[in-house]
Amino acid sequence: MSHVAYSLCFSALKLSAKLGFVRAGKQLHGHVLKLGMHNLQSLQVQILNVYVKCKDLNHAQKVFDEMRVRNVVAWNALITGFVNCSINHESNLYLGFCYFRRMLVERAGPDDITFNGLFRGCVESKDVEIGRQLHCFAVKLGFGLSCFVGSGIVGLYAKFGLVEDARCAFDCVLYKDQVLWNVMVNCYASNSLAERAFGVFNVMRLEGVKGDEFTFSSLLSACSTWGSCELGVQIHGSAIRQSFDYDVQVSSALVDMYAKNGNIGDAHKAFDAMFIKNIVSWNTIIVGYGQHGQGIEAIKVLREMFRERFYPDEFTLASIVSSCGNVPSANELMQVHAYMIKLGFHLFSSIANALIIAYSKCGSIASASKCFDLVTEPDLVTWTSVICAYAFHGLAKEATQIFDNMLTYGIRPDGIAFLGVLSACSHGGLVEKGLHYFKLMTDDYQVFPDSEHYTCLIDLLGRAGLLDEAFIVLTSMSIKADPNTFGAFIGACKVNGNVGLAKWAAEKLFTLEANKPVNYSLMSNIDSNEGH
């Protein structure tokens, strides 16, 4: 009878943990106590696992502390539980590392699962130095040759862009499995090193490892960032030959690759050829159309999505709203907006930000302003969106007022926010305010100005007839001026009738972009005006 009761309790606890049924888990915990089986280590671990998987860490700690003997499985369950619950709760991550130290003090030897859980914690806390120390400790204990730990180390360094450290850790593992190869390929792909990603893939095939759906997804992602459709087509062919085109992850990556390489038609063909679609697939094609300014097509795909009984998430709707900004009429945008209000999506900050920008692009600044007013706690992106919306419509006074309000609320502006308010000042002729914001940006907020900020400042001064001041800014820039900056200065010279300075700037511009006909047309217009 006791063996039957044990088996039932063990299976039921395992199922409760898997399904996240904390109430059922607590009831089973009570039954285990009544049956007197609470000191059986295997059941204790299962009870602990229920509370961890259900994120009830207080009960998990109580169960753990009551255990007379703790094996590595129990330690791992609690440590990884704290790590997995550390998003937005840094104290949980700290407790996870505290239990790891306690594990070492009690001479309970960590295993590969312990280290991989802690490497994930380092990624969550964005602390690569602790990750390095753990890496050294893992090597010291002999885990440096483990494929499982090696994958965790490579993944850790990849997240921080430390590809050389990742490669060293990868090379230390003599016998590599499919997962480790995939993590190394993805390391290069996610850090925009497509050539090196394909290099690892080629070596992998020479080692007799063919690759799987994760390999092909990473390679297609590399083609997207690299802008190489030709290589993407080759990977597409390899995926078809190995039947990975049936995989929804690979198929979605194919759609994304074609869309980002400008082949939206091929992207839709790849989408239509998918045997199984999920929300990611629909989002990918919708984003693809949005990026190509084809808002009407994006809305058509949304309607098709509804017919197929898929329902959009926050990301889908934010993408659709962004696409609507490229549609001449605001009717489609208003329909999508009404749907979002019905389902409560308009309360998401990403949706509100997209609505502000889209209404602005459609010419309805009043609707954009209303969307902003409805946001209870606007973040930096929300403030920036409405500042840029007013600037786009030439409402300089409103844009500067919103910017000043943002500072009052204690929001720290970034380079994009400053660019928005400088653009507003430029179009509104607010010279003093523009100079004030530029000084505020560099002196008070230590935001390093890029070429766009300088272009706005030169345009601001040029429009106000302060050509000498604009020339001083151009020649004293802390970075190399780009073609747009010289173009703005030439435009200022044209307005102020200074052909000499215009020709000087044009020579600089021709050096940077010798093969761009529009530059020569700009100078030709200035010469013709001088002749008249």
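**Notebook: F403 and its helix**

I started with F403: skipping its neighbours within four places in sequence, I found F403 in contact (heavy atoms within 4.5 Å) with I387, P413, A417, F418, V421, Y437 and L440. Note to self: this is a predicted model, where local features need pLDDT of at least 70, side-chain atom pairs count only at pLDDT 80 or more, and totals for chains, interfaces and linings use all residues. Residues are numbered from 1 along each chain as its sequence is written, and side-chain values use heavy atoms, with hydrogens and water left out.

Next, the core. I looked at the largest nonpolar core (buried Ala, Val, Leu, Ile, Met, Phe, Trp, Tyr and Cys residues joined through side-chain atoms within 4.5 Å), which has 166 residues. L48, F403 and F489 touch the most other members.

Then α24, residues 396-408. Helices here are DSSP runs (H or I, at least four residues), numbered from the N terminus. I checked the length: 13 residues at 1.5 Å each should span 18 Å (1.5 Å times one less than the number of residues), and the end C-alpha atoms are 18 Å apart, so that agrees.

Which residues of α24 are buried? I get A396, A399, T400, I402, F403 and M406 (buried is under 20% relative accessible area, exposed over 50%, partly exposed in between; 1.4 Å probe, protein chains only). Down the axis they fall within an arc of 160 degrees (directions from the helix axis to the C-beta atoms), so they line one face of α24. K397 and T408 are exposed on the face turned away from that buried side.

The buried residues of α24 pack against α22 (365-373), α23 (380-392), α25 (415-428) and α26 (431-444). After α24 I noted G410, with a positive phi near 80 degrees.

Notes. Helices (H or I, at least four residues) and strands (E, at least two) are DSSP runs, numbered from the N terminus.
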